[in-house]
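Thanks for making the time this morning. I would like to walk through one model with you, going from charged pairs to packing and then to the backbone.

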Amino acid sequence: MLYSARSRRGMVTAPHHLAAQAGLDILKAGGNAVEAAVAVAAALAVLYPHMTGIGGDGFWLIRWPDGKMNAIDACGRAAHLATPALYNGLESVPWRGGLAANTVAGTISGWDAALAQAGGALPLSRLLQDAIDYAEQGIVVTESLAGLLAMHRHALQEVPGFSALFLPNGDMPIAGQAIRNPALGLTLRRLAEAGLSDFYQGKLARSIAADLEAAGSPVRGRDLQMQRAEMVEPLSVRLQSGLFHNSRPPTQGAASLLILALAERLDVKGADTPEDIHKWVEATKLAFRYRDAEIADPAIMHADPQALLDDAAALDRMAAKADLQTAAPWPHPPQLGDTTWFGVIDGNGCAVSMIQSLYFEFGSGVVLPQTGIVWQNRGASFDLRPNLLRSLAPGRKPFHTLNPAMAHLNDGSTLSYGTMGGEGQPQTQAAIVARAVLAGQELQGAITAPRWLLGRTWGDTSTSLKLESRFDPALIEALRRMGHEVEILTPFATAMGHAGALRRYADGTLEGATDPRSDGAVAAW
């Protein structure tokens, strides 16, 4: 059996061990879970630049000590110059380069909104100190960073600013070498001194806007000035085991909750059997079809995901469409994306589930020279065709795969969980619930166990049902007999995401787990 970390006073899990330690240090210094989460987020922006950064977006779920739940939508909108006419002659928004960097980065606005609600005692300079040190003194290149640099070098080396940061002197760093981003260190110092609003309205904002324009991005200073994070109610669904929460549109949080609700109606048992995995996969197909037909910028949506999640009869009808013996036809248009999820729980019971992202690995690839910021390419998901659910329009929010999760379970415990991995996120969340909640496994065992993923992985066009090779061959063959197109991946495939989970029990005991597929750790006291 794989045992989870346990403690009483505070716990952090993150996909890089130094980021987890940065969060724990804030807890030990008297900070709360939100303050620790900002420290983790800032550290990851330096330590995991291939997956996340302050040039991206972020979403939060926060459960306060009194049990109240809040969600924060820190999604940036399309620039006012980001019209279809800007892309004349192109069939789609490019994935890389300045034209891909067409939305505002919302992450910093989310930090600001969360800290305003948290009422913490520590100065911003303390929260950002570890990240500043790592940017200025250097980080050790991980296997995941080195591997993705090797994979994307040729596609990104001509993108403005990329080579200066990631390919110094034309050389590609390998795992174990050190790289520095002193410009990002200065940016974080500026935020610590001038405040987070400087990213959007101050001297820093002017530098950002100038560099973006020089790189060919349509984002301008007026777009940055208009950015505001939104405090919203999270989506929720009541299941037999408790109340589960996730993020609202423009994220795919509704799909994550739908998978859980539909699988429960299909009578999943929480075991790694062909029958159960088949049910999870068929529930995923139904949820993804709803997601792709209905979820976009909430300002233009007609559907109400919360109304659906509250409608037991509608969920029953949706679940009845699943065939318990035969796989439904697939593929379906896939959603891509990379990100980092992390969680924090403090000794008072404040719990955070937070996710921030650049979208693709290294985002747009654009690195702003004055600030060292890697800018996202989330707006590459817009459609250039008119009058569609996700058509490009100025001021519109892009669709997001990001969706942090949290649950208040019937035993009185709070579960904060999530993962990176595009459309694998809802599926990995389902696997964690299946094993840790339904089957009662330790969190570490639930996350380490082999996982499945329906859909496309990085750099691949396959939309098959992917299984890690550690699954029993008999289970794999049974799924094939049910009609699933099964593809076998490595034993611990990075494509399955970098998951994590924390649980606070009614007596105050904390349990935590990290993903062996990542560079992460659980830090606790």
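A salt bridge, as I use the term here, is a side-chain nitrogen of Lys or Arg within 4 Å of a carboxyl oxygen of Asp or Glu. On that criterion the structure, which is a predicted model, holds 25 salt bridges.

Let me take a few of these pairs in turn. Arg-189 and Glu-136 form a salt bridge in which the closest N and O atoms are 2.7 Å apart, and this pair links distant parts of the chain, since Arg-189 sits in helix H7, residues 182-194, while Glu-136 sits in helix H4, residues 124-137, with the two positions 53 residues apart in the numbering. As for their surroundings, Arg-189 is partly exposed, with a relative accessible area of 32%, whereas Glu-136 is buried at 17%, and it counts as buried because the cut-off is under 20%.

Asp-383 and Arg-385 also form a salt bridge, with closest N and O atoms 2.7 Å apart. Here Asp-383 has a relative accessibility of 21% and therefore counts as partly exposed, while Arg-385, with a relative accessible area of 55%, is exposed.

Then there is the salt bridge between the side chains of Arg-470 and Glu-468, at 3.0 Å from N to O. Is Glu-468 buried or exposed? Glu-468 counts as buried, at 0% relative accessibility, and its partner Arg-470 is partly exposed, with a relative accessible area of 30%. Elsewhere, salt bridges that share partners join Asp-73, Arg-77, Glu-230, Asp-297 and Lys-397 into one network.

On the cysteines I can be brief. The structure holds zero disulfides; Cys-75 is buried at 2% relative accessibility, and Cys-350 is buried as well, with a relative accessible area of 3%.

Let me turn to the packing. The largest nonpolar core has 96 residues, and those with the most contacts inside it are Trp-60, Trp-111, Phe-199 and Trp-375. Helix H2, residues 33-47, gives the most to this core, contributing 14 residues. There is also a second, separate core of 63 residues, which includes Ala-254, Ile-277, Ile-295 and Tyr-417.

Ile-277 leads me to Phe-471, because Ile-277 appears in the list of contacts that Phe-471 makes beyond four places in sequence, a list that also holds Asp-272, Arg-435, Pro-450, Arg-451, Trp-452 and Ile-476. Phe-471 is found in the loop between strand S15, residues 465-468, and helix H17, residues 473-481, and at 5% relative accessibility it counts as buried.

Next, one strand and one helix. In strand S11, residues 351-359, nine of the nine residues are buried, and both faces are covered, with Ala-351, Ser-353, Ile-355, Ser-357 and Tyr-359 on one side and Val-352, Met-354, Gln-356 and Leu-358 on the other. S11 pairs with strand S3, residues 57-63, in the antiparallel sense over seven bridges, and Phe-59 stands opposite Ile-355 in that pairing.

Helix H9 runs over residues 203-214, and at 1.5 Å a residue its twelve residues should span 16 Å, which agrees with the 17 Å between its end C-alpha atoms. The buried residues of H9, among them Leu-204, Ile-208 and Leu-212, pack against H7, helix H8 (198-201) and helix H10 (221-225). After H9 comes Gly-216, whose phi is positive, near 95°.

That brings me to the backbone, and to places that a careful reader may wish to inspect. Most residues other than glycine have a negative phi, and most peptide bonds are trans. Where, then, does Asn-169 lie? Asn-169, with a positive phi near 60°, lies in the loop between helix H6 (162-166) and strand S6 (178-179), and it is exposed, at 80% relative accessibility. Asp-267 has a positive phi too, of about 65°; it lies in the loop between H11 and helix H12 (274-294), and Asp-267 is partly exposed, with a relative accessible area of 40%. Finally, a cis peptide bond joins Pro-249 and Pro-250, with omega about 20°, and Pro-250 lies in the loop between strand S9 (242-246) and helix H11 (253-265).

Notes
Residues are numbered from 1 along each chain as its sequence is written. This is a predicted model: local features need pLDDT of at least 70, side-chain atom pairs count only at pLDDT 80 or more; totals for chains, interfaces and linings use all residues. Side-chain values use heavy atoms; hydrogens and water are left out. A disulfide is a pair of cysteine sulfur atoms within 2.5 Å. Buried means under 20% relative accessible area, exposed over 50%, partly exposed in between (1.4 Å probe, protein chains only). Helices (H or I, at least four residues) and strands (E, at least two) are DSSP runs, numbered from the N terminus. A nonpolar core is a set of buried Ala, Val, Leu, Ile, Met, Phe, Trp, Tyr and Cys residues joined through side-chain atoms within 4.5 Å. The expected span of a helix is 1.5 Å times one less than its number of residues. Contact means heavy atoms within 4.5 Å. Two strands pair if DSSP finds at least two bridges between them.
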